[in-house]
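Grab a pencil and open the viewer. Here are some exercises to work through, each with a solution you can check as you go.

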Amino acid sequence: MTTRRDTFRIAAALTAAMAFPATAAAPAPGLRRPPRLRQGDTVGLIEPAGFSNDSYDVELVADTVRALGLVPKIAPNVAKRDGYLAGSDRERAADLQAMYADDSVRAVFAIRGGWGCARILPHLDFAAIRARPKLLTGFSDITALHLAFAARCGFTTIHGPNAASAWGELSVRAFREIAFDGGTPTLVNPPGKENRLVQREGRIRTFTGGKAQGRLLGGNLTVLSALVGTPYVPDFTGAILFLEDVDEAEYRIDRMLTQLRLAGILGKLAGVVFGQCTDCRARSGATLGGYTLSQVLEQHLKPLGVPAFQGALFGHIADQFSLPVGVRAEIDADTGAIRLLEPAVS
């Protein structure tokens, strides 16, 4: 469902990416960096939200981790199921907690999202997690953990593919550069491969042009809006907010952005990147013929007067960027570029 700017905009984006200075900015105040991943490191596999359908799914995930050059360590409760959750709240929390206490585990990968991460937050010992920084990787419902870690632990996590994701070429390359190499790449949608005069796939739409710098904070819009008013939301003052979602009608996106505005979050931002909103279209006759997604985004983002654009490749798609939560970054809303200003790992 993604779109792409035409060839001229792609060329402009690539030119802008190369034009960024190579020097890194000062680290975000108080930010701590987990150790980078190395070939042969052990990573913990957890299911903090939904469950896997059968053991074969978990085997595929373990093979994916091995293909990344890592050693999988499956949490004890991964095979459990409690309704639509992968075990009880305390069991799922215990798995996450154990992985951070285990010195043999270098990083923690969420197998999948779904719903349930917010339910385990009251059961986590954030002081113990904070004492042992390790990369947490995942997206969608894992947003609840990313935000809570940013608010309570102060170290980098990665909004990127879940362990059960497709892990296409773009996903693997972006993750390796950030998590293994400690790089500070500029993320720009690659040129499309459509047989069209004007590309549509991966198209960037600019609401307000310009560049902005700030901490990368965000994730799934539904999860973020549901956490507003809780102690698990970080300070968004001067942040670059990045958002994505799936299977939400336009009016629900409108409602959630309205909530962020009324809660004072949108007014604090230095910039906004809205990635992919997969299948975000009303299906009922009562809401058809209303605002499009882009119109809803324009209504909420343009009045902010800060650089804002739509269409970066992250969200519920087969191949996506990895975005390190908490690091400083610079966005160029005219070209759709996201440049990391500091490494995510030590």
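The exercises below go from strand pairing to the core and then to one serine.

Before you start: this is a predicted model, where local features need pLDDT of at least 70, side-chain atom pairs count only at pLDDT 80 or more, and totals for chains, interfaces and linings use all residues. Residues are numbered from 1 along each chain as its sequence is written, and side-chain values use heavy atoms, with hydrogens and water left out.

**Exercise 1. Work out which strands pair with strand 3 and with strand 4.**

Step 1: Helices (H or I, at least four residues) and strands (E, at least two) are DSSP runs, numbered from the N terminus. Two strands pair if DSSP finds at least two bridges between them.

Step 2: Take strand 3 (residues 107-110), which runs parallel to strand 4 and is joined to it by three bridges. Val108 has Leu136 as its bridge partner there, and Phe109 sits opposite Thr137.

Step 3: Strand 3 also pairs with strand 1 (residues 42-46), again parallel, over four bridges. Here Gly44 is opposite Val108.

Step 4: Now go from strand 4 to strand 5 (residues 157-159): two bridges, parallel sense. Gly138 has His159 as its bridge partner.

Step 5: Add helix 6 (residues 143-152), and strand 4, the helix and strand 5 make a right-handed β-α-β unit. Right-handed means that, with the strands pointing away from the viewer, the path from the first strand over the helix to the second runs clockwise.

**Exercise 2. Decide whether the faces of strand 3 are covered, and place Phe109 in the core.**

Step 1: Buried means under 20% relative accessible area (1.4 Å probe, protein chains only). Ala107 and Phe109 on one side of strand 3, and Val108 and Ala110 on the other, are all buried, so both faces are covered.

Step 2: A nonpolar core is a set of buried Ala, Val, Leu, Ile, Met, Phe, Trp, Tyr and Cys residues joined through side-chain atoms within 4.5 Å. The largest one has 99 residues, and Phe109 and Phe236 have the most contacts inside it. Helix 6 gives the most to this core, with six residues.

Step 3: List the contacts (heavy atoms within 4.5 Å). Beyond four places in sequence, Phe109 touches residues including Val43, Leu68, Ala163 and Phe175.

**Exercise 3. Describe the surroundings of Ser294.**

Step 1: Find Ser294 in helix 10 (residues 293-301). Its relative accessible area is 18%, so Ser294 counts as buried.

Step 2: Leaving out residues up to four places away in sequence, Ser294 touches Arg205, Phe207 and Gln310.

Step 3: The side chains of Ser294 and Gln310 are joined by a polar contact of 3.0 Å. That term covers a pair of N or O atoms within 3.5 Å; within protein, one must be able to donate a hydrogen and the other to accept it, and residues adjacent in sequence count only if both atoms are side-chain atoms.

Terms used:
Buried means under 20% relative accessible area, exposed over 50%, partly exposed in between (1.4 Å probe, protein chains only).
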